[in-house]
Amino acid sequence: MSRADLLKVLSKIPETKVYKESTKTRIPQVIILHPKEHERMNKIYEESKEVSKMVGQINAEIVKLEENYKMSKQNISKSCKMIINAIEKHEEYLLNKVDTYKNKKKQILTELLNEVKNVEQQFKTKNKQIAQCINDIDIDSNQKREQLKQLLQDDPNLNINSLKSSQIIPNLDTSINVQFTNDQKQIKLIQMIKSGSITLTDIK
């Protein structure tokens, strides 16, 4: 049996000295400290409390940081969704505006095209009649001359000068210029986007 085992057995027997020593009530010793040592001990205790307080403050700030982080992300998502929604509405507005412009312009050009085509067809008919008259071998030259004279008379329906004098044809402009510089809605959207910023406080 080892010494440790022997002491363990003896500590359980009331008659033994080992038992009496193990059950003896220990009275705390009184230590007399020098005033400076006592002051130093109090200082360590107070500084320990301050450090613990700092730990609590930092932990609280970490919790606040997480809360602010979540709230900031929500605000960013909400604001960006509003901006995207505004941009989509503005896009729809501009597309509708372009559609309206195109339809009006196309209507004007279509009406003009029909008018010019009508004149074109009349010229084709006149040229065909002149060619038939010239190439007709069944009539003599006097008849041809008379027919040509009638065909070559001024025809109010073949007035190309009215088309030339029209200001529409030489000024045909089908360009569609989309500019945002003077668009107040666009400026507001840009200002909304640029106004978004994140301010970070420095850790000192």
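Three salt bridges turn up in this structure, a salt bridge being a side-chain nitrogen of Lys or Arg within 4 Å of a carboxyl oxygen of Asp or Glu. The model is a predicted one, where local features need pLDDT of at least 70, side-chain atom pairs count only at pLDDT 80 or more, and totals for chains, interfaces and linings use all residues. Residues are numbered from 1 along each chain as its sequence is written, and side-chain values use heavy atoms, with hydrogens and water left out.

Here are the pairs.

| Salt bridge | N to O distance |
|---|---|
| K49 and E46 | 3.6 Å |
| E61 and K64 | 3.9 Å |
| E120 and K124 | 3.9 Å |

Why can such pairs form? Side chains of opposite charge can pair when their charged atoms come close. K49 and E46 sit three residues apart in helix α3, so about one helical turn separates them. E61 and K64 are also three residues apart in α3, again about one helical turn, while E120 and K124 are four residues apart in that helix, about one turn as well. K49 is partly exposed at 43% relative accessibility, and E46 is partly exposed at 39%. Buried means under 20% relative accessible area, exposed over 50%, and partly exposed in between (1.4 Å probe, protein chains only).

Now for the overall layout. The chain has six helices and zero strands; these are DSSP runs (H or I, at least four residues, for helices; E, at least two, for strands), numbered from the N terminus. Buried residues make up just 9% of the 204 in the chain. About 18,800 Å² is exposed, with carbon and sulfur atoms supplying 56% of it; such areas come from the Shrake-Rupley method with a 1.4 Å probe, and for residues only the protein chains shown count as cover.

How do α3 and α4 (residues 141–151) cross? Their axes come within 9 Å and cross at roughly 170 degrees, which makes α3 roughly antiparallel to α4. Axes are lines fitted to C-alpha atoms, for helices over the stretch in contact, with angles from 0 to 180 degrees between N-to-C directions; under 35 degrees counts as roughly parallel, over 145 as roughly antiparallel, 65 to 115 as roughly perpendicular and the rest as oblique. Among the residues making the contact (heavy atoms within 4.5 Å) are I130 and C133 of α3 and L148 and L151 of α4.

Finally, L33 lies in the loop between α2 (17–23) and α3 (35–135), and is partly exposed at 37% relative accessibility.
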